[in-house]
Structures are given as C-alpha cells and as structure tokens.
Amino acid sequence: MSSENNMERRLNTFIQVSKNITTNDSLKELIQQIIEDVIGAIDKADAGFLLLWNEESQYLEIEAAVNFKEDIYLQNKLLEGEGISGTVFAEGKSMLINTIEEIEKAMSNMRNKTLQYYLKSTVHALMPVSCMSVLLVYQQQKIGVLTIDNFKNDGFFTEEDLRFLEAIGSQIAISIVNARAFYEKQQRALQLETILELHNQLNETVLEGNGMQSLVKSLARNPNDCIYYFDSLGRLDISHPISSVEIPFLSDWIRENRKNLQTQQLQKIYKQEELFGQALSVQSSFGTIGYLVITGNSVPLDIVGELSFQHAASIIAIEQIKLQEQLKTRQAEKEALLKDILNQNFTTEVQSFLKKQEILPAKYFVFLVLKSKQHSFDELNQFNLLEGGMRQVFKKDFSVMIFPNRNKLFLLLGAKKKEAGNVQVIRQYVERLQSIYKEIVVYIGRPVYSMRHLPMSYKDAELLEKEMESHQREESVFDFQSLGYKRYLFNVPEEEAEYFVENILGPILSKSNNRTKNEWLSTLQNYLQSNKNVTKTAESMHLHQNTVYYRLQQIQEKLNCDFDDLDDVTNLKVALFLYERREQNGER
C-alpha cells in the first residue's frame, strides 16, 4: 500500500474516532469500534485490546479487543506494572517490541493466572512476534492503555506506527472521556425518567387506594425479587410474592440491626457471608414505624432501585400515619359504644351498629377480658389484626366485638344459639383462642340473656381479672364462678366495709404493736388461703408448725372466734377481702 493511501487511511481513522461518540449506543460499543478502526489503519496489526483503569478496584480491565476470545479476556485484570500494558501504565512510556524473546521478557512479571488467561484468549494461542503499547492520558490523568499485536503478518511495527498510535491515543483518550460524560448524562436522563415513572406508579397505587399489598408489589422490578414489609417490632406485615421461608431469618436480622437501620440508609443483609438482601427503615415523626426489605436478583440495588425504595418508604410512612389515624378514630368509636352499652344507652344508632356487627339479635351475651403475659395490646395495628383473627375463632357460634382498654381487651360475644351460652362451651372456644394467641390469660364474665344485663357480665370479668391477678395463679382461664361471694362485696359501701373490718379484725389490727399485728394478720391470711392447712401455712411462711399453732390460738382468743365454725370462718374471709381491697385502694 502506498504511503499516500496509508496516510489517508490513518487520517480517516482520526476523524472516525471523533465521530464514534455520537454513533454508538454505549461506551463499550464505542471502544470496540475504536480498536477495530485503529487495527484497520495499521498494516501489520492483526490483534489488539484496549484497557481502562478502574480506580475503585485498582486494576486495568480489558474493555474491548480484536482477535481475542471475549469469554476469556473479560476475566483478565492487570495490576499496575504487570506485563507490557501494566508497565506502560505504571511508567507512562510507550513500548515497541519486535522480538518474541523481548516480548516474553516484558511479560515475565505477569502472575501465572493472568498469563494463562492471556494465552488462552488469543486466537492463535501463541506469543505475538511484534507488539506496541501506548498510554491513554487526558489532562495528565492516566485513563488506560492501548496495546496492538502482530501474530502472523510479515514484518514488524515501526517507529512511525508507534507515533501514529501515540497520536491517535491522545484522540482516543479525549473521545473516551467525552463519551463517558455523554453516556453518563444519557444514563442519568434515562435513570431520571425511570425513577419518575416508578414514582408515578407508586403514587397512583396509593391514590387509587389499592392498599399496601399493591404498593409493595410495585417495588418488585425483577420476577425473582421478593419484597417484604415488617412492622416496627420486626414482625412480617406484607410480602410479595407471599413467602414464609426466610421470614424468621429476616425478622431476627432486623431486631439485631435496629440501630444501623435508624440511619435511613439502605443496609446490606448478609447470610453465610454472602449478600442476601437490603433493608431500609420507614420513618415518621413518631420514629421507626417499619422496615422495607428486598431479596433476589436486583440486590444490590442500583440508583433507580435505591431512590424508588426511599420514595416507597416515604409513601408508606404517610399511609401508615393515615391508617393510624383511622384506627384511632375506630378505637374512639368503640370506646364510646362500650360506654353506651354499660350505661344502657341503647339509642337507635347504637342498636343499628350492634345489628350490623351481628351482636343483635343473640340468645346470650357475655364479656371476656383478655390480657397478655408478655406484652400489652396497645398497638393499633395489632388490635386491628386481633379483631379479625378472633372473629375467625368464634365465628361458628358467636358474633364478636373487641373493645380496647389500655393493656387489655374486652371481648363481647353474642351467642347465636342458646346452648352456646354455656360457660363450658365458651371455655372450649377460649382454649382454641389460646392455641393461636399464646401467653394470653382470659377472664369470663357471667352469660346474660339481655343486653341490659351486660354491665353485670362486664363487671364480673373486670373484677375477676383484678382478683385473680393479685393471687398470681398459674391457670390461664377463669370464669365468673371463681369469684363466688366476692363479686357482691365490691358493691358494699366504703363506710359499711370499714365498720365490718374493724368489728371482725379490729383486735389484730391494733396500732400499738405493728410487729405483732403483722404476724397475726399474715398468719391468718396464709392459713385461710391454704384452706386451713397448718403444714402448708408453715411452709409458705418459713415457720415451724408449733409457731403457727401458737399464733392461731392467739388469733382465736383475740378475735373470739372458732376456726371450726363455718360462720366465723366466712366472716373472717369477708373481712380480710374488704381489708385487702381497702389497702390496695390506698385508704391506709
């Protein structure tokens, strides 16, 4: 080929390198086109590759090549100073080598794995016979290396070839830097468009009132993604697709990493030292109200995914606040309804609501009190879920309404059949309830025939809860019959109760000797609680039995009573109950 034609071809290559930035869809395509054009402009060149420096990983990475096997060379990464290309990048000087021996010597410092990748990736699986390599630099910043090889063409590269490669190397560096800026701008525009589209989808989901499930579903960009929403205690609320396999692991992870999640930044979740998912806390003015979690192929999330997740968290926070307000309103309505029922204020509106809830008409009515041994029922979301769950348990024979009351729940049951009003039937349903909701204690009021008698059932359940809790019994179900005569003593006027206590227990309540008073009173209390068993009384008080016998004899003398007389024992039990109630109320 004539020198004139060669010069024209190289000039066209310069022009084409500048044009490629606007004719390729990606930086990788641009670089591939550049290296093909350069090899086409040099007679003896039949292979070559362009490497770019990765600042983060501190490697030279092959971005494009000609006559090298892509599936192999893409795995190859050069350290600064490694091999011919690494040496050029490290020293900032071009290299022209025209013997196999010199090429092998220049490549002798390569790691064995890197060298094997190079040899396997060449089409000929041989060392080149001629090689030249130049630095790609832009405004004194090294960005990569361009290396051209000759494997089978006759002749060797010349100094003129090297000068051309150096000259076009500068143009290539400018094109790559400009292309990066151009493609990054395009990518940002595309990302912005995608983000806006996803944000609009999330906003429309909320505006259409499709609920949290649809909102969570909208976040799944990949079929293999799984999106979870956990509440503030790390309990699963929603998942898409519905899954339970990883929930225990994720719940534990959330509880262990609450502090890190408060930063409102996406946190990586590792399982067996491998990246498994990412999590983000959902924050409101009340603090952390939940957690969004993603697992699957989209992890780690790109910038689009991160921004979409953050936007979703903001929407969920607003939706949860709205839901909380709705639940508060419902709770206030329930409290007002309970007040109307207990005050027997059965207006047309109240009766209409009770009919809507299928409490009216019912054959029997009964109030239950529910308490948890581990936590309270004061969470509104939890209350909402409990109401639905309990209706499922009782739905065969009862209509159900729940009334929240601080750390406990009042359950109103309306029996659909007369036989369902039996306490034993109610107990059977309570046992089913306890099999689902562990650690709850249930107090059953008396079943009544009329709504107007419901205050009695309510009072039974409430008194039962107070009385049994003070004794710390091991049972978890109590019914109104456990109260016995005591339920009537709560109605005794305070002044009358005071006189009765002083009349029956006065001599051992003497203020003159507190030590003696305490011994007599505590011995009497323990003795009657143990059903007049001296051995058990002695054990519970850590006393010798003779001491207990002596005290009991003193008490009988002081009170002028006989522990074998039923009337005397009844009077003592009533007086002790009224005395204990007075003490609990802080009257003394």
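This passage describes the overall make-up of a predicted protein model, then two of its sheets and one of its helices.

The model is predicted, so local features need pLDDT of at least 70 and side-chain atom pairs count only at pLDDT 80 or more, while totals for chains, interfaces and linings use all residues. Residues are numbered from 1 along each chain as its sequence is written, and side-chain values use heavy atoms, with hydrogens and water left out.

The protein comprises 21 helices and 16 strands. Both are DSSP runs numbered from the N terminus (helices H or I, at least four residues; strands E, at least two). Of the 588 residues, 46% are buried, meaning under 20% relative accessible area with a 1.4 Å probe, protein chains only; exposed means over 50%, and partly exposed lies in between. The exposed surface is about 31300 Å², with 47% supplied by carbon and sulfur atoms; areas come from the Shrake-Rupley method with a 1.4 Å probe. Contacts are heavy atoms within 4.5 Å. Among those between residues at least 6 apart in sequence, 62% join residues at least 24 apart.

One open sheet holds 6 strands in the order β3-β2-β1-β6-β5-β4, with antiparallel pairing. Two strands pair if DSSP finds at least two bridges between them. β3 (77–78) and β4 (95–97) are the edges; each has a single partner strand, so one side of each lacks a neighbour in the sheet. Strand β2 (residues 59–66) is joined to β3 by 2 bridges. There, L60 has L78 of β3 as its bridge partner. Helix α2 (residues 27–41) packs on this sheet, touching β1 (47–54), β2 and β6 (141–150), and its direction makes about 60° with that of β2. Angles run from 0 to 180 degrees between N-to-C directions; axes are lines fitted to C-alpha atoms, for helices over the stretch in contact. Helix α4 (residues 83–91) runs at about 145° to β6.

A second open sheet has 5 strands, ordered β13-β14-β12-β15-β16, with mixed pairing. Its edge strands, β13 (398–405) and β16 (477–479), each pair on one side only. β13 pairs with β14 (residues 408–415) over 8 antiparallel bridges. F398 stands opposite A415 in β14. Helix α14 (residues 423–436) lies across β12 (364–372), β13, β14, β15 (440–444) and β16, at about 165° to β15.

Helix α17 (residues 494–505) has two contrasting faces. Its buried residues are A497, V501, I504 and L505. They fall within an arc of 80° seen down the axis, so they line one face; the arc is that of directions from the helix axis to the C-beta atoms. The face turned away carries exposed E495, E496, Y499 and N503.
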